[in-house]
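Welcome! Here is a short briefing to read alongside the model on your screen. It starts with a single residue and then moves on to charges and the overall fold.

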Amino acid sequence: MITDVMHIRCPAAKAYDLMADARNETRWNSGVAEVELRSGEPIGEGTQFMVVDKRGQHDVTITGYNRPETLSFVVRSASMDVQIDYLLTEADGVTTMTGRFNAKGKGAMRFMLPMLVPLIRRDLAREHANFIRLCETPG
């Protein structure tokens, strides 16, 4: 499991909405090329997306939606499944957004995943820095 904490100078609701709608990922995640909403709006529990990134295509489903406090996704791909859980708290104009990422590799990835964790942490920190900048941009 990987845990990442972001401190964002914006309301929790803004950070929550930007993360919950995976279509925003093309705005902050440099590895994401395309995101398609596969279910209807509004965004909420059960919403499904198709995400294409440098590793391939992923089916993403929101499995928990308690705005603006908790948000959960399941990401399924050919090589792994990832459970992502976010907890958001807001105090003094700063939102603390804690993400927990639990990946389970499939096939050969079951054995490779432990070796890739340091690279995943590095990429996650870089992309989350981009997310923080997006959240802190006025508008």
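Two residues are in contact when they have heavy atoms within 4.5 Å of each other. With that in hand, glutamate 69 touches Tyr16, Tyr86, Leu87 and Leu88, leaving aside residues up to four places away in sequence. Please keep in mind that this is a predicted model.

**Glutamate 69 and its surroundings**

- You will find glutamate 69 in the loop between β4 and β5.
- Is glutamate 69 buried, exposed or partly exposed? Its relative accessibility is 43%, so glutamate 69 counts as partly exposed.
- Leucine 18 sits 51 residues away from glutamate 69 along the chain, and the C-alpha atoms of the two are separated by 13 Å.

**A salt bridge from helix α1 to the β4-β5 loop**

- Aspartate 17 and arginine 67 meet through their side chains in a salt bridge, with an N to O distance of 2.7 Å.
- This pair links distant parts of the chain, 50 residues apart: aspartate 17 belongs to helix α1 (residues 12-20), while arginine 67 lies in the loop between β4 (56-66) and β5 (70-76).
- Both partners can be placed by their accessibility: aspartate 17 is partly exposed at 32% relative accessible area, and arginine 67 is partly exposed at 43%.

**A salt bridge and network at helix α3**

- Lysine 54 and aspartate 123 also form a side-chain salt bridge, here with 3.9 Å from N to O.
- Where do the two partners sit in the chain? Lysine 54 is in the loop between β3 (48-53) and β4, and aspartate 123 is in helix α3 (residues 109-136), so that the pair links distant parts of the chain, 69 residues apart.
- Lysine 54 has a relative accessibility of 56% and counts as exposed.
- Aspartate 123, at 18% relative accessibility, counts as buried because the cut-off for buried is under 20%.
- The pair is part of a wider set, with Lys54, Arg122, Asp123, Arg126 and Glu127 linked in a network of salt bridges.

**Another salt bridge, and the total**

- Glutamate 36 pairs with arginine 38 in a salt bridge, and their closest N and O atoms are 3.2 Å apart.
- Glutamate 36 is partly exposed at 34% relative accessibility, and arginine 38 is partly exposed at 43%.
- How many salt bridges are there in total? The count comes to 13.

**Charge and surface**

- The chain carries 17 positive and 18 negative side chains, and the centres of these two sets lie 6 Å apart.
- About 7,600 Å² of the chain is accessible surface, and carbon and sulfur atoms account for 54% of that area.
- Of the 139 residues in the chain, 42% are buried.

**Overall fold**

- The chain contains 3 helices and 7 strands, and these follow one another along the sequence as β-α-α-β-β-β-β-β-β-α.
- The radius of gyration is 15 Å, close to the 14 Å given by the globule rule for 139 residues, so the chain is as compact as a globular protein of that length.
- Along the principal axes, the C-alpha atoms fill a box of roughly 45 × 35 × 25 Å.
- Among contacts with a separation of 6 or more, 44% join residues that are 24 or more positions apart.

Key. Residues are numbered from 1 along each chain as its sequence is written. This is a predicted model: local features need pLDDT of at least 70, side-chain atom pairs count only at pLDDT 80 or more; totals for chains, interfaces and linings use all residues. Side-chain values use heavy atoms; hydrogens and water are left out. A salt bridge is a side-chain nitrogen of Lys or Arg within 4 Å of a carboxyl oxygen of Asp or Glu. Helices (H or I, at least four residues) and strands (E, at least two) are DSSP runs, numbered from the N terminus. Buried means under 20% relative accessible area, exposed over 50%, partly exposed in between (1.4 Å probe, protein chains only). The radius of gyration is taken over C-alpha atoms; the globule rule is 2.2 Å times the number of residues to the power 0.38. Accessible areas come from the Shrake-Rupley method with a 1.4 Å probe; for residues, only the protein chains shown count as cover. Lys and Arg count as positive and Asp and Glu as negative; His and the chain ends are not counted. The place of a charge is taken as NZ of Lys, CZ of Arg, CG of Asp or CD of Glu.
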